[in-house]
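Trainee: I am new to this structure and would like a close look at a single part of it. Could you take me through that part slowly, and then through its wider setting?

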Amino acid sequence: MLDIQRIRTETEAVKSSLATVGFAPNIIDRVLELDAQRREMQKEGDILRAELNAASKNIGREKDPAARQALIEAVGTVKSKIKDNEAAVPAVEVELDDLLLNIPNLPLPEVKVGPDDSHNDVVEVYGSAPTFDFEPRPHWELMESLGIIDFERGQKISGSRFYVLRGDGARLQRALITFMLDLHTRQHGYEEVYPPSMVRADCLVGTGNLPKFGDNLYRDHEEDFWWVPTAEVPVTNLYRDEILDGATLPIRHVAYSPCFRREKMSHGKDTRGIKRGHQFDKVELVRFERPEASRAALDELVAHARKVAQLLGLQHRLIKMCTGDLSFVSCIKFDIETWAAGCAEWLEVSSCSLFGDFQARRARIRFKDEDGKNRFVHTLNGSGLALPRVLISVIETYQQADGSIMVPQILRPYMGDQERIVRRGE
RNA sequence: GGGGAGGUGGCCGAGUGGCCGAAGGCGCACGCCUGCUAAGCGUGUAUACCUCACAAGGGUAUCGAGGGUUCGAAUCCCUCCCUCUCCGCCA
């Protein structure tokens with residue numbers, strides 16, 4: 001959510017900034033109109049209530065029954081005015097809040113202006129692509145022939161876009177998760193948390209998934225539980241409605257969680273393999289920072305996420321998004337993509353964002369600074385990394401001519417020193 | 001799933017219709033005092049919004065959340081959420 005005061009005082013700058021992320025700036029005019037109305041109504045209501053409060057105090061002091069009754073009757077008009085005022089307020093507030101919640105974050109000045117992802121910049125490519133003296137195969141073929149995935153039974157029990165990892169496939173994923181958690185907790189200073197995978201709607205408003213992106217979420221209507229699309233949601237909301245002691249910042253968390261997404265918008269996309277399922281696992285990094293430290297923290301976060309790909313020996317690249325490809329909530333965003341030799345494509349395995357105070361405003365996450373002033377924290381997050389796609393890259397990168405897969409060195413301690421994944425029984 | 005208790009300021013804890021934004025204690029901050037330390041004394045110590053210079057001052061709201069009764073509610077009524085506890089069940 002944008003600061004309404006900033007919208008008031010820097011209207012033109014806000015508008016032109018919004019235009020760069022493809023948002024129709026004329027909505028700002030309506031926001032200002034409603035904001036003025038809201039303040040006018042509040043002023044009116046406050047004055048009326050002050051009047052009523054004073055009158056009520058007098059009534060309490062008046063001992064004579066007749067005089068008392070007269071005073072009570074006299075406040076009748078004030079009361080009805082208050083009622084009228086109160087009746088008019090919700091319409092304005094609801095519309096204003098609704099607009100405010102649907103305005104995207106403003107990009108940082110350093111973010112290049114561009115209409116869509118074709119204008120993103122490749123910051124750097126790290127490592128080199130694996131070479132083969134045979135035709136590399138896609139992961140779905142490799143995994144099926146190794147017997148480490150079962151697409152058919154996954155679809156049987158849960159439908160399309162579900163699969164079952166089995167044997168060394170499941171084990172490899174588990175090894176990756178543990179490796180990532182260990183790396184971030186032991187080397188990078190993040191505290192591990194294991195959050196709920198179902199949350200209440202407020203949490204999703206806090207992170208910016210609601211109200212705008214509800215159709216990508218699974219929910220239980222009976223209980224008003226929502227399945228998290230990423231651990232970012234529960235972890236960011238850990239400190240919702242809190243005023244943190246400034247000395248505790250920065251707070252760094254890493255969380256492993258399953259993620260659930262409807263993927264309605266991407267029907268027909270990436271249907272082959274495990275690139276885009278309704279359920280997938282992810283290790284997520286979340287940080288809470290002082291505003292002045294947040295930009296540098298993003299670079300650090302990116303480095304931490306990238307380290308995973310690096311240690312796994314995967315060729316990867318860093319993409320800096322242009323304004324047109326920023327998410328609704330972020331003010332600057334980097335993607336990390338690993339190379340999948342079999343599919344011959346770059347896979348987005350991490351998306352690292354700085355949100356400024358955009359989420360903190362929605363979730364009311366503040367901290368008390370040295371002057372005793374309460375300020376909004378800056379939030380950041382990034383995958384560290386997303387499992388299925390890392391699995392794809394590992395399998396396709398380390399595939400051998402005979403269809404087996406070498407286990408990356410760094411993972412072997414997590415696989416009981418297993419060096420190679422071969423077909424069961426071989 | 002059933003029964004009982006309860007949710008008050010950073011924490012503990014009073015408070016059953018007006019004198020309560022809220023006693024008291026602890027903690028914390030600043031000051032004073034005591035030739036160290038400990039103790040003692042004084043003052044201060046929530047959040048948001050409006051007015052406004054993001055000052056002072058003033059106003060409004062907030063005692064889990066929402067709604068209601070009333071001139072007036074932390075206090076009464078309704079709904080919801082959460083916590084504890086006893087029983088049942090169970091990874």
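In which loop does R161 lie?

Mentor: This is a predicted model, and in it R161 lies in the loop between α7, residues 151-158, and β3, residues 164-165. The backbone at R161 deserves attention, since this residue has a positive phi of about 70 degrees although it is not a glycine. Most residues other than glycine have a negative phi, and most peptide bonds are trans. With the second half of that statement in mind, two peptide bonds can be looked at beside R161. The bond from L210 to P211 is cis, with omega near 0 degrees, and P211 is found in the loop between α9 (201-207) and β6 (219-220). The bond from G384 to L385 is also cis, here with omega near 10 degrees, but L385 has its place in a strand, namely β16, which covers residues 378-386.

From the backbone we can turn to the packing of two helices. Two packed helices are described by the angle between their axes and the distance between the axes. Helix α8 (residues 168-187) packs with helix α13 (residues 387-397) at an angle of about 110 degrees, and their axes are 10 Å apart; because of that angle, α8 is roughly perpendicular to α13. The crossing in which α8 passes α13 is right-handed. On the side of α8 the contact is made by L172, Q173, L176, I177 and M180, while α13 contributes L387, V390, L391, V394 and I395. Sorted by class, the residues of this contact comprise 9 nonpolar, 1 polar and no charged.

The surface near RNA strand B has another make-up, with 6 nonpolar, 5 polar and 12 charged residues. Of the 23 residues around the strand, Q42, S56, R68, R200 and R366 come nearest. Three elements, α3 (27-61), α4 (65-74) and β14 (365-368), each supply at least two residues of this surface, and α3 gives the most, with 12 residues. Of the atoms of RNA strand B within 4 Å of the protein, 73% belong to sugar or phosphate, and the rest belong to bases. Several side chains can be followed to phosphate oxygens of the strand: a polar side-chain atom of R366 lies 2.8 Å from one phosphate oxygen, an N or O atom in the side chain of K368 is 2.9 Å from a phosphate oxygen, and a polar side-chain atom of N53 lies 3.3 Å from a phosphate oxygen.

Terms used. Residues are numbered from 1 along each chain as its sequence is written. Chains are lettered from A and ligands numbered from 1 in the order in which they are written. This is a predicted model: local features need pLDDT of at least 70, side-chain atom pairs count only at pLDDT 80 or more; totals for chains, interfaces and linings use all residues. Side-chain values use heavy atoms; hydrogens and water are left out. Axes are lines fitted to C-alpha atoms, for helices over the stretch in contact, and angles run from 0 to 180 degrees between N-to-C directions. Helices (H or I, at least four residues) and strands (E, at least two) are DSSP runs, numbered from the N terminus. Angles under 35 degrees count as roughly parallel, over 145 as roughly antiparallel, 65 to 115 as roughly perpendicular and the rest as oblique. A crossing is left-handed if the near helix is turned anticlockwise from the far one by less than a right angle, and right-handed if clockwise. Contact means heavy atoms within 4.5 Å. Ala, Val, Leu, Ile, Met, Phe, Trp, Tyr, Cys and Pro count as nonpolar, Asp, Glu, Lys and Arg as charged, and the others, Gly among them, as polar. A residue is near a molecule or strand if one of its heavy atoms lies within 4 Å of it. A polar contact is a pair of N or O atoms within 3.5 Å; within protein, one must be able to donate a hydrogen and the other to accept it, and residues adjacent in sequence count only if both atoms are side-chain atoms.
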